[in-house]
Amino acid sequence: MTDTGATTDGSLDPTDAQRADARRNRQRIIDAARAVFARDGLNASMASIAREAGVGKATVSRHFTDPHQLIEQVFADRMQTYVDLTEAALAEPDPWSAFTAYVWALCRMQADDRGFADLLTLSMPSSGDHQDKHLVAYEGFQTVIERAKASGSLRDDFESADLVVLLMANVGVLTASGPEAPDSWRRLVGQLIRAYAGPSAPDVELPEAPASDEL
């Protein structure tokens with residue numbers, strides 16, 4: 001057999017063909033899961049992912065014996081973006097701008113991807129890599145909070161748990177408003193940022209409320 005995976009008579013080695021087919025199926029499953037999770041959240045069934053990928057449910061189970069393995073594979077890039085947002089906030093010299101930009105960006109990621117929205121608010125097993133990224137983001141945000149408090153732009157009684165509550169509330173608004181009022185979350189986030197503002201914070205521009213017929 002040659003280095004190209006062909007047999008001596010020039011035909012493709014069956015084992016190599018099977019491996020290539022398995023790699024294609026695995027990538028199709030990951031791509032399908034990314035689309036399904038973004039649309040339906042992490043409660044989406046493996047059957048719906050299999051249908052999206054055009055494979056059997058047994059094929060999905062063969063590649064990912066535990067649904068959490070698939071979740072971690074799909075959201076590896078999102079978790080890195082989560083860390084990048086924190087690092088960008090830490091690099092921002094203005095404490096209030098750092099805080100508000102971080103909150104807006106995180107909530108925008110939730111609005112764009114229901115699966116990621118769930119990932120931030122649900123408790124589930126995760127790999128060491130995911131845990132490490134969560135810890136880096138959490139500790140970084142704690143520093144962002146303390147800087148904003150010290151500047152007087154963030155209320156002294158704001159806690160990191162308040163962000164978790166905000167993210168949970170944002171999921172609720174995203175779920176309830178759906179495509180009929182897709183920007184409702186912006187009004188919620190704007191109102192809450194105004195509530196978090198300390199005495200030295202600049203005026204917070206409030207997004208328009210959704211129209212009554214949308215709601």
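**Exercise 1.** Determine what covers the buried residues of helix H10, and check the length of this helix against its expected span.

*Solution.* The covering elements include H6 and helix H9 (160-177), where helices are DSSP runs of H or I with at least four residues, numbered from the N terminus. The model is predicted, with local features needing pLDDT of at least 70 and side-chain atom pairs pLDDT 80 or more, while totals for chains, interfaces and linings use all residues. Residues are numbered from 1 along each chain as its sequence is written, and side-chain values use heavy atoms, leaving out hydrogens and water. Next, the residues so covered are Ser184, Trp185, Val189, Gly190, Ile193 and Tyr196, buried meaning under 20% relative accessible area with a 1.4 Å probe, protein chains only. Finally, the 13 residues of H10 (residues 184-196) should span 18 Å at 1.5 Å a residue, and the end C-alpha atoms are 19 Å apart, which agrees; the expected span is 1.5 Å times one less than the number of residues.

**Exercise 2.** Describe how H5 and H6 pack, starting from their axes.

*Solution.* The axes of H5 (residues 76-91) and H6 (residues 95-112) come within 9 Å and cross at roughly 165°, with axes fitted to C-alpha atoms over the stretch in contact and angles running from 0 to 180 degrees between N-to-C directions. The helices are therefore roughly antiparallel, a term for angles over 145 degrees.

**Exercise 3.** Characterise the surroundings of Ile145 in helix H8 (residues 128-150).

*Solution.* Ile145 counts as buried at 2% relative accessibility. Leaving aside residues up to four places away in sequence, Ile145 touches Leu154, Phe158, Glu159 and Ser160, contact meaning heavy atoms within 4.5 Å.

Notes
Helix = DSSP H or I, 4+ residues; strand = E, 2+ residues; numbered from the N terminus. Parallel < 35°, antiparallel > 145°, perpendicular 65-115°, else oblique. Buried < 20%, exposed > 50% of the residue type's maximum accessible area, 1.4 Å probe, protein only.
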